[in-house]
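The following exercises are to be worked with the sequence and the coordinates at hand. Each task is followed by a solution in steps.

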Amino acid sequence: QAQLVESGGGLVQPGGSLRLSCSASGFALDLYAVGWFRQAPGKEREGVSHIGASGGTTYYVDSVKGRFTISRDNAANTVYLQMNSLKPEDTGVYYCAADLDHAKIATLVVSWADYGLDYWGRGTLVTVSS
C-alpha cells in the first residue's frame, strides 16, 4: 500500500530543535516533489516548505526562513525537515505531501487551498513549550 509516514515530532522547549522525517513506502518518492505543511489548533493549514524531486529547488515561507531546512535522501525514500530555533508559534501538526507536479505543491505552500495532492501523510505533532 502506497503511503507517506511522518515521524520525529514531540515536545521541545523554545529555542530547541527537531528533525521531522517523511518516509514513503509503496512508491518511488524520488519522482515526486514534497511539501511540508502544518496546522495549529483552531487554525487553517499552512505551507512551510517544499523541495523538488531532485532536491535542487527548495522554498521556505518567511516565518521559518533561516530556521528550517528541507532536504531529501532519495536512496532512503525520505524527505527531512530540520527545525532549529523553534518558537511556540511553530506548534502544530506537521504533514508532508507528495505530488508529481512540483508547481501544484509550490502553489499550496505559498497559499493553502484544500485540493488534492497525490499523497498525504497523517501528520506528526510538534509542541514548542516551556
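**Exercise 1. Overall form**

The accessible surface of the protein comes to about 6200 Å², and 47% of this area belongs to carbon and sulfur atoms; the areas come from the Shrake-Rupley method with a 1.4 Å probe, and for residues only the protein chains shown count as cover. The model is predicted: local features need pLDDT of at least 70, side-chain atom pairs count only at pLDDT 80 or more, and totals for chains, interfaces and linings use all residues. Residues are numbered from 1 along each chain as its sequence is written, and side-chain values use heavy atoms, with hydrogens and water left out.

*Task.* Determine how the radius of gyration of the protein relates to that of a compact globule with 130 residues.

*Solution.* Step 1: apply the globule rule, 2.2 Å times the number of residues to the power 0.38, with the radius taken over C-alpha atoms. Step 2: for 130 residues the expected radius is near 14 Å, and the protein has 13 Å, which agrees. Step 3: add the box filled by the C-alpha atoms, roughly 40 × 30 × 30 Å along the principal axes. Step 4: note that 44% of the 130 residues count as buried (buried means under 20% relative accessible area, exposed over 50%, partly exposed in between, with a 1.4 Å probe and protein chains only).

**Exercise 2. Secondary structure**

*Task.* State how many helices and strands the protein has, and give the order of its elements.

*Solution.* Step 1: identify the DSSP runs, which are helices (H or I, at least four residues) and strands (E, at least two), numbered from the N terminus. Step 2: the count gives one helix and 11 strands. Step 3: from the N terminus on, the order is β-β-β-β-β-β-β-β-β-α-β-β.

**Exercise 3. Aromatic pairs**

*Task.* Find how many aromatic pairs there are, and describe the pair of Phe37 and Trp120.

*Solution.* Step 1: rings of Phe, Tyr and Trp (its six-membered ring) pair if their centres lie within 6.5 Å; planes under 30 degrees apart count as stacked, over 60 as edge-to-face and the rest as tilted. Step 2: by this rule there are seven aromatic pairs. Step 3: Phe37 and Trp120 form a tilted pair, 5.0 Å centre to centre with 50° between the planes. Step 4: this pair links distant parts of the chain, since Phe37 lies in strand S4 (residues 33–39) and Trp120 in strand S10 (residues 119–120), 83 residues apart. Step 5: Phe37 is buried because its relative accessibility is 0%, whereas Trp120, at 26%, is partly exposed. Step 6: Trp112 and Trp120 form an edge-to-face pair, 5.9 Å centre to centre and 80° between the planes. Step 7: ring pairs link Phe37, Tyr95, Trp112 and Trp120 into a cluster.

**Exercise 4. Asp99**

*Task.* Is Asp99 buried or exposed, and which backbone nitrogen does its side chain reach?

*Solution.* Step 1: place Asp99 in strand S9 (residues 92–99). Step 2: its relative accessibility is 2%, so Asp99 counts as buried. Step 3: the side chain of Asp99 reaches the backbone nitrogen of Asp118 at 3.0 Å. Step 4: leaving aside neighbours within four places in sequence, Asp99 is in contact (heavy atoms within 4.5 Å) with residues including Tyr32, Lys104, Leu117 and Asp118.

How values were computed
A polar contact is a pair of N or O atoms within 3.5 Å; within protein, one must be able to donate a hydrogen and the other to accept it, and residues adjacent in sequence count only if both atoms are side-chain atoms.
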